[in-house]
Amino acid sequence: MAYLRNIASVEGFIAAGIPVGVSIAWKPGELPGAPLPASDGHLVVVRGFTDAADPIVNDPAREEVRHVYPRTAFERAWLDHGGVALIVAPSGKRFDVLRNAGT
């Protein structure tokens with residue numbers, strides 16, 4: 001588990017080929033396109049970013065798991081919930097994990 005500073009930190013892991021699990025929370029109207037009206041804690045996996053820098057996530061609460069959330073709203077839902085990230089990578093990626101953890 002790690003606490004990351006911002007979504008740019010997540011981009012570093014994605015660039016290294018390491019998806020990042022994050023815990024997000026939101027109130028009604030705070031996360032456009034959310035599968036639930038609100039949540040006190042919801043785990044998703046950031047798997048990439050669009051050309052416009054919006055996060056592409058795997059969201060298990062959605063019928064179609066892949067979803068793109070607006071960057072600013074997603075980052076707020078994540079950081080306001082503590083900025084918790086779950087990093088799982090093969091041993092060959094250990095250096096990438098350590099390098100990106102400091103960003």
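Me: Which residue in E4 does Gly48 stand opposite?
Reply: This is a predicted model, in which local features need pLDDT of at least 70 and side-chain atom pairs count only at pLDDT 80 or more, while totals for chains, interfaces and linings use all residues. Residues are numbered from 1 along each chain as its sequence is written, and side-chain values use heavy atoms, with hydrogens and water left out. Strands E3 and E4 are joined by four bridges and run antiparallel, with Val46 having Val57 in E4 as its bridge partner. Farther along in this pairing, the residue of E4 that stands opposite Gly48 is Ile56.

Me: How many residues lie between E3 and E4 in their hairpin?
Reply: Strand E3 covers residues 39–49, and strand E4 covers residues 55–58. In the turn that links them, Ala53 has a positive phi of about 75 degrees, and Thr50 is also found in this loop. The number of residues between the two strands of the hairpin is five.

Me: Is Thr50 buried, partly exposed or exposed?
Reply: Thr50 touches Ile56 and Val68 (heavy atoms within 4.5 Å), leaving aside residues up to four places away in sequence. Its relative accessibility is 24%, and the cut-offs are under 20% for buried and over 50% for exposed, with a 1.4 Å probe and protein chains only. A value between these limits means that Thr50 counts as partly exposed.

Me: How far apart in space are Thr50 and Ala8, C-alpha to C-alpha?
Reply: Thr50 belongs to the loop between E3 and E4. In sequence, Thr50 and Ala8 are 42 residues apart. In space, the C-alpha to C-alpha separation of Thr50 and Ala8 is 13 Å.

Me: Which strands are the edge strands of the sheet?
Reply: Six strands form an open sheet with antiparallel pairing, in the order E1-E6-E2-E3-E4-E5, where two strands pair if DSSP finds at least two bridges between them. An edge strand pairs on one side only, and here this applies to the strand of residues 2–3 and the strand of residues 66–68, that is, to E1 and E5.

Me: Which residue of E6 is the bridge partner of Tyr3?
Reply: Strand E6 spans residues 84–87, and two bridges join E1 to this antiparallel neighbour. In that pairing, the partner of Tyr3 is Val84.

Me: Which residue in E5 does Asn58 stand opposite?
Reply: Strands E4 and E5 run antiparallel and are joined by three bridges. Within this pairing, Asn58 stands opposite Arg66.

Me: Which residue in E3 does Trp26 stand opposite?
Reply: Strand E2 takes in residues 20–26 and runs antiparallel to E3, to which six bridges join it. Trp26 in this pairing stands opposite Ser39.

Me: What pattern does the protein chain follow along the sequence?
Reply: The protein chain holds three helices and six strands, taken as DSSP runs (helices H or I, at least four residues; strands E, at least two) and numbered from the N terminus. Read along the sequence, the pattern is β-α-β-β-β-β-α-β-α.

Me: What radius of gyration does the protein chain have?
Reply: The C-alpha atoms fill a box of roughly 40 × 25 × 25 Å along the principal axes, and buried residues make up 39% of the 103 residues. A compact globule with 103 residues would have a radius of gyration near 13 Å, by the rule of 2.2 Å times the number of residues to the power 0.38, taken over C-alpha atoms. The value for the protein chain agrees with this, at 13 Å.
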